[in-house]
Amino acid sequence: MKSYTLRVLADHLNADVQGDDTVEISTVGTLDGAGSGQISFLANSKYRSQLASSAASAILMTPKDAEDFVGNAIVLNDPYVGFARIAQFLDTTPKAADSIHPSAQIAASAMLGEGVAIGANAVIGENVILGNDIQTGAGCVVGQDSVIGSNTLLWANVTVYHDVHLGQDCIIHSGAILGSDGFGYANERGQWIKIPQTGGVRIGDRVEIGANTTVDRGAIDHTEIHDGVILDNQVQIAHNDIIGANTAIAGSTVVAGSVTIGKHCIIGGNCAISGHLSITDGVHITGSTNVTSVIREPGVYSSATVAMDNKLWRKNTVRFRQLDTLFQRVKALENNVK
């Protein structure tokens, strides 16, 4: 396993070293679990008590925390961001593919850039364009007329339908499906008539899409996911949704069709967002929230109740159903007083 001196790592972060800058670091670890050759971080004051007993060879910390620390440290303003960058620098995750496997099926009309690697049993369709240094894992399918930007990674068994455009530096995890049909039907006297979904999917640069997440294609116009968006595992993005730049959506959240979500939003896990709504920039929606109306102002929004004793929950449910009756009674009493 390759190691680097603390000085090399600090220079990578443009940060300062406190202590021995020649100590060798090969991996990252937690404060209480790290050992020799590992670097950890202190980003939350509630873990400060673990500093004295930590066996880490070095710790990322703020200048204030470093004042009373006698060990080896990289000193910077945001230790957690520093930890993320060092973890990337030391990452030893294997490649999804390192060559073009003989069993890969590549259409004659496909255009491949330099350094493209395609795993076993992958299928690259007609008129596909792959940029430079793309990794396409085993069993992936890239459909007709799709375009994938340079340095994008598709882990094993990703399915990219036809007319899907992926930007540069994206990461798509196993089982993700991009460009499947949206849920579009008309009802004729009880019979469902399928509406062909003729739009595509347009995904920007530096987007990460989690395992088993689905992004549906547009019904007529495209579904859009803008630069820097991160989608967790098992997220549903329906047809014609637009997700603004640098928005994060946690696992098991469902976004119905024709929703526009602004930039720099954070949406917690297990949320449900009704169709044909818009959510402005800078909104934080906490986990398990149901969004059923437009959100026009930045801020934090919640709707779910916390877990409680079942008997109490049943009583509260009954009271909730009585709210309108109670309101009408109060209103009547107010009118009588007036």
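Is Arg-189 buried or exposed? In this predicted model, Arg-189 is exposed, because its relative accessible area of 76% lies over the 50% that marks an exposed residue. The paragraphs below place this residue in context, beginning with the protein as a whole.

The protein contains five helices and 38 strands. Its C-alpha atoms fill a box of roughly 80 × 65 × 35 Å along the principal axes. The radius of gyration is 26 Å, whereas a compact globule of 338 residues would have a value near 20 Å. Of the 338 residues, 39% count as buried. The accessible surface comes to about 18600 Å², and carbon and sulfur atoms account for 51% of this area. Among contacts between residues at least 6 apart in sequence, 19% join residues that are at least 24 apart.

Two sheets are described here. Strands of a sheet pair through backbone hydrogen bonds, and this pairing may be parallel or antiparallel. One open sheet is built from five strands in the order S2-S7-S6-S5-S4, with mixed pairing. Strand S2 (16-18) and strand S4 (27-28) stand at its edges; each has a single partner strand, so one side of each is left without a neighbour in the sheet.

Within this sheet, several neighbouring strands can be followed from one edge inward. Strand S4 pairs with S5 in the parallel sense over two bridges, and Val-28 stands opposite Ile-39 in S5. Strand S5 is in turn joined to S6 by three bridges, and these two strands also run parallel. Here, Phe-41 has Leu-60 in S6 as its bridge partner. Strand S6 (residues 58-61) then pairs with strand S7 (residues 73-75), again in the parallel sense and over three bridges. In this pairing, Leu-60 has Ile-74 in S7 as its bridge partner. Leu-60 is thus a bridge partner of Phe-41 and of Ile-74.

Helix H1 (residues 6-13) is associated with this sheet. The helix lies across S2, strand S5 (38-41), S6 and S7, and runs at about 15 degrees to S7.

A second open sheet consists of 10 strands in the order S8-S11-S14-S17-S20-S25-S28-S31-S34-S37, with parallel pairing. Its edge strands are strand S8 (105-106) and strand S37 (290-291), each of which pairs on one side only. Between these edges, strand S28 (residues 236-237) and strand S31 (residues 254-255) run parallel and are joined by two bridges. Ile-237 has Val-255 in S31 as its bridge partner.

Attention now turns to charged side chains. Side chains of opposite charge can pair when their charged atoms come close. The structure holds six salt bridges. One of them is formed by Arg-7 and Asp-21, whose closest N and O atoms are 3.5 Å apart. This pair links distant parts of the chain: Arg-7 belongs to helix H1, while Asp-21 lies in the loop between S2 and strand S3 (24-25), and the two residues are 14 residues apart. Arg-7 is partly exposed, with a relative accessible area of 31%, and Asp-21 is likewise partly exposed, at 27%. Arg-7, Asp-11 and Asp-21 are linked in a network of salt bridges.

Another salt bridge connects Asp-163 with Arg-202, the closest N and O atoms being 3.0 Å apart. This pair also links distant parts of the chain, with the two positions 39 residues apart in numbering: Asp-163 is found in the loop between strand S17 (159-160) and strand S18 (164-166), and Arg-202 in strand S23 (residues 201-203). Asp-163 has a relative accessible area of 21% and is partly exposed. Arg-202 is also partly exposed, with a relative accessible area of 21%. Both residues count as partly exposed rather than buried because the term buried is kept for values under 20%.

A further salt bridge involves the residue with which this account opened. Glu-188 and Arg-189 form this pair, and their closest N and O atoms are 3.8 Å apart. Glu-188 is partly exposed, with a relative accessible area of 41%, whereas Arg-189 is exposed, with 76%.

Conventions:
Residues are numbered from 1 along each chain as its sequence is written. This is a predicted model: local features need pLDDT of at least 70, side-chain atom pairs count only at pLDDT 80 or more; totals for chains, interfaces and linings use all residues. Side-chain values use heavy atoms; hydrogens and water are left out. Two strands pair if DSSP finds at least two bridges between them. Helices (H or I, at least four residues) and strands (E, at least two) are DSSP runs, numbered from the N terminus. Contact means heavy atoms within 4.5 Å. Axes are lines fitted to C-alpha atoms, for helices over the stretch in contact, and angles run from 0 to 180 degrees between N-to-C directions. The radius of gyration is taken over C-alpha atoms; the globule rule is 2.2 Å times the number of residues to the power 0.38. Buried means under 20% relative accessible area, exposed over 50%, partly exposed in between (1.4 Å probe, protein chains only). Accessible areas come from the Shrake-Rupley method with a 1.4 Å probe; for residues, only the protein chains shown count as cover. A salt bridge is a side-chain nitrogen of Lys or Arg within 4 Å of a carboxyl oxygen of Asp or Glu.
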